Amino acid sequence: MDATLTHTLTQGAGPVLSGEYLTLRLGTEEYAIDIRQVQEIRSYEMPTKMVHSPSFVKGVINLRGVIVPIVDLRLKLQLPTVAYNDATVVVILNILGSTMGAVVDGVSDVVNLERESVKPAPQFDGAMEAPFIVGLVTLHERMLIVMNIETLMGHSGLAVLPKMV
């Protein structure tokens, strides 16, 4: 399979690439993100809080000499909060050349998605636009919400990417 083949949906965020996607859980929903942006998966550790940071930024950690902001995806997506447990993990991502972490309820597996299997997400009148939702895919009775994690983490008003001084 050629992972460089792209197909842009008429609705949704950015290109859908055929290839491997990491599936992760937030509540009862499963999401899929492009595995090429995943650097590693770590157990949750309490980050150092930063003053004047958005509520969804839990703080920062020192990852082998790199200061990494940690974002709680539940808070970022305005989902109900839950207590962290043994399944809570941080997915370390490489987004636009920056390293950042995303706290999720858990990771499931890596799946192979074909671009043709990703269907556009329905649009509802009056609903808040979610430009990071690429589409939906059904795999063996599982519905996955395919996200463009780069768009989510860099979306205006939600951006936590470091700024050059």
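Here a trainee and a mentor talk through a predicted model.

Trainee: How many helices and strands does the chain hold?
Mentor: Read along the sequence, the pattern is β-β-β-β-β-β-β-α-β-β-β-β-β-α. The secondary structure therefore mixes both kinds of element, as DSSP runs define them. The count is 2 helices and 12 strands.

Trainee: What share of the residues is buried?
Mentor: The chain has 165 residues. Buried means under 20% relative accessible area. By that cut-off the share is 44%.

Trainee: What part of the exposed area do carbon and sulfur atoms supply?
Mentor: The chain exposes about 9400 Å². Carbon and sulfur atoms supply a share of this area. That share is 55%.

Trainee: Which strands join β3 through bridges?
Mentor: β3 covers residues 19–26. 6 bridges link β3 to a strand at residues 106–113, running antiparallel. Another 6 bridges link β3 to a strand with which it also runs antiparallel. The partners are β10 and β4.

Trainee: Which residue in β4 stands opposite Leu22?
Mentor: Strands of a sheet pair through backbone hydrogen bonds, either parallel or antiparallel. β3 and β4 run antiparallel. On the β10 side, Arg25 stands opposite Gly106. For Leu22, the residue opposite in β4 is Ile33.

Trainee: Which residue in the turn between β3 and β4 has a positive phi?
Mentor: β3 and β4 form a hairpin. There are 2 residues between the strands. The phi in question is about 65°. The residue is Gly27.

Trainee: How many residues of β3 are buried?
Mentor: Strand β3 has 8 residues. The strand is mostly covered. The number buried is 6.

Trainee: Is Ile35 buried or exposed?
Mentor: Ile35 sits in the loop between β4 (29–34) and β5 (38–43). Its relative accessible area is 23%. Buried would need under 20%, and exposed over 50%. So Ile35 is partly exposed.

Trainee: Which residues does Ile35 contact, leaving aside its neighbours within four places in sequence?
Mentor: One of them is Val110, 75 residues away in sequence. The C-alpha atoms of Ile35 and Val110 are 7.8 Å apart. The contacts are Glu20, Tyr21, Leu22 and Val110.

Trainee: What is the strand order in the open sheet of 5 strands?
Mentor: The pairing in this sheet is mixed. β5 and β6 stand at the edges with a single partner strand each, so one side of each has no neighbour in the sheet. Neighbouring strands are turned by 30° against each other on average, direction ignored. The order is β5-β8-β9-β7-β6.

Trainee: Which residue in β9 is the bridge partner of Val89?
Mentor: β8 and β9 (residues 98–104) pair in the antiparallel sense. The pairing runs over 7 bridges. The bridge partner of Val89 is Val104.

Trainee: How are the planes of the Tyr44 and Tyr84 rings arranged?
Mentor: The structure holds 1 aromatic pair. The ring centres of Tyr44 and Tyr84 are 4.4 Å apart, and the planes stand at 65°. An angle over 60 degrees counts as edge-to-face. So the arrangement of Tyr44 and Tyr84 is edge-to-face.

Trainee: How far apart in sequence are the parts that this pair ties together?
Mentor: Tyr44 lies in the loop between β5 and β6 (57–63). Tyr84 lies in the loop between α1 (73–76) and β8 (89–95). Tyr44 is buried at 19%, while Tyr84 is partly exposed at 30%. The parts are 40 residues apart in sequence.

Technical notes. Residues are numbered from 1 along each chain as its sequence is written. This is a predicted model: local features need pLDDT of at least 70, side-chain atom pairs count only at pLDDT 80 or more; totals for chains, interfaces and linings use all residues. Side-chain values use heavy atoms; hydrogens and water are left out. Helices (H or I, at least four residues) and strands (E, at least two) are DSSP runs, numbered from the N terminus. Buried means under 20% relative accessible area, exposed over 50%, partly exposed in between (1.4 Å probe, protein chains only). Contact means heavy atoms within 4.5 Å. Rings of Phe, Tyr and Trp (its six-membered ring) pair if their centres lie within 6.5 Å; planes under 30 degrees apart count as stacked, over 60 as edge-to-face and the rest as tilted. Two strands pair if DSSP finds at least two bridges between them. Accessible areas come from the Shrake-Rupley method with a 1.4 Å probe; for residues, only the protein chains shown count as cover. Axes are lines fitted to C-alpha atoms, for helices over the stretch in contact, and angles run from 0 to 180 degrees between N-to-C directions.
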